[in-house]
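Start with one cross-chain salt bridge, then widen the view to the interface and the rest of the model. The sections below follow that order.

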Amino acid sequence: MPDASFVGRAFPGAEPYRVGREKVREFARAVGETSPLCHDVAAAQAAGHPDVVAPPTFAASFTMPLIEQVLRDPDFGWDYAHMVHGDQTITLHRPIHAGDELAVTVHVEDLTTRAGSHRLTLRCEIADPAGEPVATTKLLLVTAEAA
Amino acid sequence: MTPVVEVGTELPPTSVRVTRADLVRYAGASGDFNPIHWSDRVASEVGLPGVIAHGMLTMALAGRFVSGWAGDPSAVRGLSVRFTRPVVVPDDDEGALVEFSGNVTALADAPGGGRVATIAIKALFEGRTVLGKAVAEVLLP
């Protein structure tokens, strides 16, 4: 049974995530994004970006280690092995570029239980070193109570 | 890019083949090494019909579908999906075929100039929806 007192708590990452240029290119290749803006620094700069642009779902991808850390906290009691990903929302306040230093904070927004199934809503706030919001992601995770 | 965008404008449908190699590549790029995305043994042990694609990969392909239409990956400012059914990826050269279609459901002025198009996305695998309530927000010049 997950600990409902976790709702409302925030878990900041220990250090900011540094967006690597080759990581952006690798991620873009993996999702079939061929736009020069994601691969070619000169093309990205010509379009007004400081460096190559990360595909939109990159914002959710790099938050996963911190989310996993929260979910695997033994005090929380979340059934990590039997969860499924229900919903995912990504809002980009600006595009993410190679070279960005991004601080991630995971917020435990909501936890409900219906018919033995737990539904957990997490929100990640992603900000630059000045504290300006860069992206907000939200995910719903669902588990069935182990029989 | 479509010269005139209005409510009802349809995006050109595209379909994407997802093979086991694509799942391995996405696992490496995203850091999601959950074995249900590469091991038949583990997938069947947890009751799945076979190895399934990462939901986040299917979502990324939906993002690619929209950014391809916009001609600019930095124009996609919002993406929201519900994972309704898994995409089962067989261990062959064909893989799984995911079909994307979509249309503009709303247009609004963007705060910084230009417009924001709201796009409803359909994603089908074997004729059935795999992404529910899939919506993108895209900045238009």
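## A salt bridge across the chains

In this predicted model, Asp87(A) and Arg82(B) form a salt bridge, with 2.8 Å between the closest N and O atoms. The pair crosses between chains: Asp87(A) sits in strand β3 of chain A, and Arg82(B) in strand β2 of chain B. Is Asp87(A) buried or exposed? Asp87(A) is buried, at a relative accessible area of 19%. That value falls under the 20% cut-off, so the residue takes the label "buried". Arg82(B) is partly exposed, with 32% relative accessibility.

How many salt bridges join chain B and chain A? The count is two. Over all chains, the structure holds 14 salt bridges.

## Strand pairing at the interface

The two strands that carry this pair also meet through their backbones. Strand β3 of chain A, residues 83-92, pairs with β2(B) in the antiparallel sense. Five bridges make up the pairing. One of the bridge partners is Val81(B) in β2(B), set against Gln88(A).

## The contact as a whole

How many residues does each chain bring to the contact? Chain A brings 29 residues, and chain B brings 23 residues. Together the chains bury about 2,200 Å². Carbon and sulfur atoms account for 58% of that area. On the chain B side, Ala29(B), Pro73(B) and Arg77(B) supply 27% of the area that chain B buries against chain A. No other three residues supply more.

Polar contacts add to the picture. Twelve residue pairs are in polar contact between chain B and chain A, counting pairs with both residues at pLDDT 80 or more. Three elements of chain B each supply at least two residues to the side that touches chain A: α1 (20-30), α3 (55-70) and β2 (76-83). Which element gives the largest share? It is β2(B), with eight residues. By residue class, the side of chain B that touches chain A has twelve nonpolar, six polar and five charged residues.

## Salt bridges within chain A

Arg21(A) and Asp51(A) form a salt bridge through their side chains, at 2.8 Å from N to O. This pair links distant parts of the chain, 30 residues apart. Arg21(A) belongs to helix α1 (residues 21-30) of chain A. Asp51(A) lies in the loop between α3 (41-46) and α4 (58-61) of chain A. The two ends differ in exposure: Arg21(A) is partly exposed at 36% relative accessible area, whereas Asp51(A) is buried at 10%.

Helix α1 of chain A also holds a local pair. The side chains of Glu22(A) and Arg25(A) meet in a salt bridge, again given as 2.8 Å from N to O. Glu22(A) and Arg25(A) are three residues apart, about one turn of the helix. Glu22(A) is exposed at 52% relative accessibility. Arg25(A) is buried at 18%.

## Two positive phi angles

Which residues other than glycine have a positive phi? Ala115(A) is one of them, with a phi of about 50°. Ala115(A) lies in the loop between β4 (101-114) and β5 (117-127) of chain A. Ala115(A) is exposed, with a relative accessible area of 88%.

Glu126(B) is another, with a phi near 50°. Its place is the loop between β4 (115-125) and β5 (128-129) of chain B. Glu126(B) is exposed too, at 68% relative accessible area. Both values are over the 50% cut-off, so both residues take the label "exposed".

## A buried histidine in chain B

Where is His54(B)? His54(B) is found in the loop between α2 (40-45) and α3 of chain B. His54(B) is buried, with a relative accessible area of 1%.

Which residues does His54(B) contact, leaving aside neighbours within four places in sequence? The contacts are Leu23(B), Tyr26(B), Ala27(B), Asp32(B) and His37(B).

Definitions and conventions. Residues numbered from 1 in each chain as written. Chains lettered and ligands numbered in written order. Predicted model: local features only at pLDDT ≥ 70, side-chain atom pairs only at ≥ 80, totals over all residues. Heavy atoms only, no water. Contact = heavy atoms within 4.5 Å. Buried area = accessible area lost by both parts, 1.4 Å probe. Salt bridge = Lys/Arg side-chain N within 4 Å of Asp/Glu carboxyl O. Polar contact = N/O pair within 3.5 Å; in protein donor to acceptor, adjacent residues only side chain to side chain. Helix = DSSP H or I, 4+ residues; strand = E, 2+ residues; numbered from the N terminus. Nonpolar A, V, L, I, M, F, W, Y, C, P; charged D, E, K, R; others polar. Pairing = 2+ DSSP bridges. Buried < 20%, exposed > 50% of the residue type's maximum accessible area, 1.4 Å probe, protein only.
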